[in-house]
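Let's take a look at the empty spaces in this protein. Where are the pockets, and what lines them?

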Amino acid sequence: MANFTVTGLSEYTAIATQMLREGVLFNENFANYSTQTGIQHKQYINFIDVNPHVQVGSCGLSASGTTTLTEKEIEVVEYAYRDWFCKKTLKEKALVMGASETDFGTLINENLMAGEIEAIKKQIDTDLWLGTSGMIDGWISQISGCSGAIELDTYSGVTVTVSNIDNVIYDFIDNITDAMWARGVLTIHTSVAIYNMYKRNIIEAYGAGSLATLIEKMSPMSMWVLGFEGQLIIKAEAALAGTNYMICTWDKNLYIGVDEMFSTSSAKWIYDEITNYLWFQADFKLGTQVAFCNEVVHNIY
């Protein structure tokens with residue numbers, strides 16, 4: 001009987017690493033946020049809050065007023081994934097291994113690799129928002145403990161429902177500062193359930209036809225807030241499932257930290273001929289930070 005060899009394994013290891021980087025760390029869903037690379041452990045994030053002071057033009061001007069340089073650190077931690085598949089189990093599940101059982105190529109390419117990357121992406125999305133015990137603090141945790149973050153006036157401690165979601169949104173709008181509006185388009189991030197509540201509220205109040213212009217040309221699970229088209233988006237985040245959390249800010253205010261310079265991410269496939277296990281391993285660094293807490297409105301409690 002033919003041995004279970006590692007034909008094509010190095011080729012698919014290279015593909016897996018590319019998929020990890022493109023599908024997890026630098027995927028299009030995260031493109032709206034700020035990404036900072038080259039972080040080995042802790043590093044100041046790349047922003048400076050400068051407040052220049054104008055004076056009447058003249059020769060020999062002296063300094064007027066003060067400018068505060070704001071510094072914040074972003075910390076990354078090492079993520080490691082290990083998954084294994086038994087040869088016997090793979091054969092019992094009728095997962096094809098290619099031309100023969102000596103060929104891993106089809107099995108990895110068509111059955112396993114996309115599933116592994118998608119599972120990692122889902123977990124990382126959750127971690128970016130909610131964090132993981134012993135790993136990283138997500139944006140929600142960062143904002144919750146962030147001095148200067150703006151709480152709602154009336155609905156901070158209120159459970160969001162179909163009947164009150166419009167008033168919750170208005171409470172957010174009332175607390176958005178001039179500095180935030182000046183950033184450009186703002187986004188209210190919330191769970192899919194609350195996002196759908198807002199859609200139902202609009203339909204019940206104005207009819208289904210009113211949603212057309214709010215959703216047109218928008219990315220999936222996002223829409224303009226009624227009356228604030230071009231200014232304010234409400235967007236559903238799968239990672240916030242089961243929570244009442246809502247935050248409003250400009251997306252580049254949310255930072256994702258990675259390394260990719262001193263220690264690059266990797267994903268690889270390894271076959272152990274002693275145990276007959278096919279192993280998947282992935283390693284990368286990840287962290288989060290919020291640059292300007294005073295430009296975030298939230299209902300976290």
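What follows is a short tour of two pockets. Keep in mind that this is a predicted model.

Start with the largest pocket, which holds about 690 Å³ of space. Its lining is made up of 28 residues, and those closest to the centre are Asn29, Asn32, Tyr33, Lys235 and Glu237. Three elements give two or more residues to this lining: helix H3 (105-130), strand E6 (186-190) and strand E8 (232-236). The largest share comes from H3, with six residues.

Now move on to the second largest pocket, with about 170 Å³ of space. Here you can go through the whole lining by name: Lys42, Glu73, Ile74, Glu75, Val77, Met135, Ile136, Asp137, Gln142, Thr288 and Gln289. Strand E3 (73-75) and strand E12 (277-290) each supply at least two of these residues. E3 has the largest share, at three residues.

And what kinds of residues do the linings hold? Here is the breakdown for each pocket.

| Pocket | Volume | Nonpolar lining residues | Polar lining residues | Charged lining residues |
|---|---|---|---|---|
| Largest pocket | about 690 Å³ | 13 residues | six residues | nine residues |
| Second largest pocket | about 170 Å³ | four residues | three residues | four residues |

So, to find your way back: look for H3 at the largest pocket, where this helix gives six residues to the lining, and for E3 at the second largest pocket, where this strand gives three.

How values were computed:
Residues numbered from 1 in each chain as written. Predicted model: local features only at pLDDT ≥ 70, side-chain atom pairs only at ≥ 80, totals over all residues. Heavy atoms only, no water. 1 Å grid on protein atoms, 1.4 Å probe; cavity = no way out; pocket = protein on both sides within 12 Å on 5 of 7 lines; lining within 4 Å. Points joined across faces, edges and corners; volume = space filled by probe spheres on them. Helix = DSSP H or I, 4+ residues; strand = E, 2+ residues; numbered from the N terminus. Nonpolar A, V, L, I, M, F, W, Y, C, P; charged D, E, K, R; others polar.
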